[in-house]
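Colleague: I would like to learn how to read pockets in a model. Where should I begin?

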Amino acid sequence: MTADPTGLPADLSTAVERLCRTPRLLVAMDFDGTMAPLVPRAGDARPLPATAAAFAALAHLPGTTTALISGRALASLRAVASPPPEALLIGSHGAEVWLGPDARPLTLTQAQARLLGRARALVQGIAGQHPGTLLEEKPAGVVLHTRLAEDSAASAAVEQAHLALDALPGVYVSEGKRVLELSVVRADKGDGLRTLRDAVHASAVLFAGDDVTDEYGFGVLGPQDVGVKVGAGQTAAQFRIGSPDDVAPLLELVLGLRSARS
Ligand SMILES: [Mg+2]
């Protein structure tokens, strides 16, 4: 499948060449597992240098907007990604939106805040019973991380959390790679991608992601867009690359083509 010096699949390179002729391009990237290799501790994640460099350079081109679209809370995303100031940010899978300095932070209703408190207490109790599981607080939710737990403890914790949270209407539960996440704001990466596309009037979108939650993003792409799944697993994306190491060549191809055009 690999045909050109970039090492990218030939059909992807051809699609990117077509994509880059669009007037207003949005380059929206997932962070963990896409811009940055997956690591055991979320705070240690950093973008691969060549990927970060190409992403930052893209933000300076006319007719090109960059964005990160992550499941992380915005504060956590900023801390590990150090995004270029021009990049738009979607956090908490779409519940948090930063489209510039005037952006207002997410605020919960009183009912949502109460519900979040109840859900958090339930998951705290479950994490306490399963060694190696960890909680992460987010503005609209809580994440139960099981990456450091034994497989049996991880699956038991996830099963108990599902049972407990299913009894709380208004709590939305999703699963990713060794994480279970609850949110009191219903949003997914498809919502986030639509928000970005509308905000910048993008005529086409490049979106890459590695996790099951990215499938919502691939689901809102049209024929003019390019969706790239990073790594193994079922996907609705049209294209696939092997690992985060392949993201720099992808962004460098976009950068070269968009630079030549401007
Ligand atoms: Mg990811």
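Modeller: Begin with the domains. Domain 1 (10-105 + 187-261) and domain 2 (110-183) both contribute residues to the lining of the largest pocket, so this pocket lies between them. Keep in mind that the model is predicted.

Colleague: How is such a space found, and what is the volume of the largest pocket?

Modeller: Rolling a probe the size of a water molecule over the atoms reveals where empty space remains. Here the largest pocket holds about 500 Å³. It is lined by 28 residues, and those closest to its centre are Asp32, Arg72, His145, Val179 and Asp211.

Colleague: Which strands supply at least two residues each to that lining?

Modeller: S5, S6, S7 (172-176) and S8 (179-183) do. S5 (residues 134-138) and S6 (residues 141-145) run antiparallel and are joined by five bridges. They form a hairpin with two residues between them, and Glu136 stands opposite Val143 in S6.

Colleague: How does the lining of the largest pocket divide by class?

Modeller: Into 13 charged, eight polar and seven nonpolar residues.

Colleague: What about the second largest pocket, where does it lie?

Modeller: Both domain 1 and domain 2 give residues to its lining, so the second largest pocket lies between them. Its volume is about 270 Å³. Of its 18 lining residues, Tyr172, Val173, Ser174, Ala187 and Asp188 are the closest to its centre.

Colleague: Which residues coordinate the magnesium ion?

Modeller: Asp30 (OD), Asp32 (O) and Asp210 (OD) coordinate the magnesium ion, at 2.1 to 2.2 Å. Their spacing in sequence is D-x1-D-x177-D.

Colleague: Is Asp30 buried or exposed?

Modeller: Asp30 has a relative accessible area of 4%; buried means under 20%, so Asp30 is buried.

Note on methods: Residues are numbered from 1 along each chain as its sequence is written. This is a predicted model: local features need pLDDT of at least 70, side-chain atom pairs count only at pLDDT 80 or more; totals for chains, interfaces and linings use all residues. Side-chain values use heavy atoms; hydrogens and water are left out. Two strands pair if DSSP finds at least two bridges between them. Helices (H or I, at least four residues) and strands (E, at least two) are DSSP runs, numbered from the N terminus. Donors are N, O and S atoms within 2.8 Å of the metal (3.2 Å for Na, K and Ca); water is not among the atoms, so sites may look incomplete. Buried means under 20% relative accessible area, exposed over 50%, partly exposed in between (1.4 Å probe, protein chains only). On a 1 Å grid over the protein atoms alone, a cavity is a set of points where a 1.4 Å probe fits but cannot get out, and a pocket is an open set with protein on both sides within 12 Å along at least five of seven lines; lining residues have an atom within 4 Å of a point. Grid points are joined across faces, edges and corners, and a volume is the space filled by probe spheres set on the points. Ala, Val, Leu, Ile, Met, Phe, Trp, Tyr, Cys and Pro count as nonpolar, Asp, Glu, Lys and Arg as charged, and the others, Gly among them, as polar. Domain bounds come from an automatic or database domain assignment.
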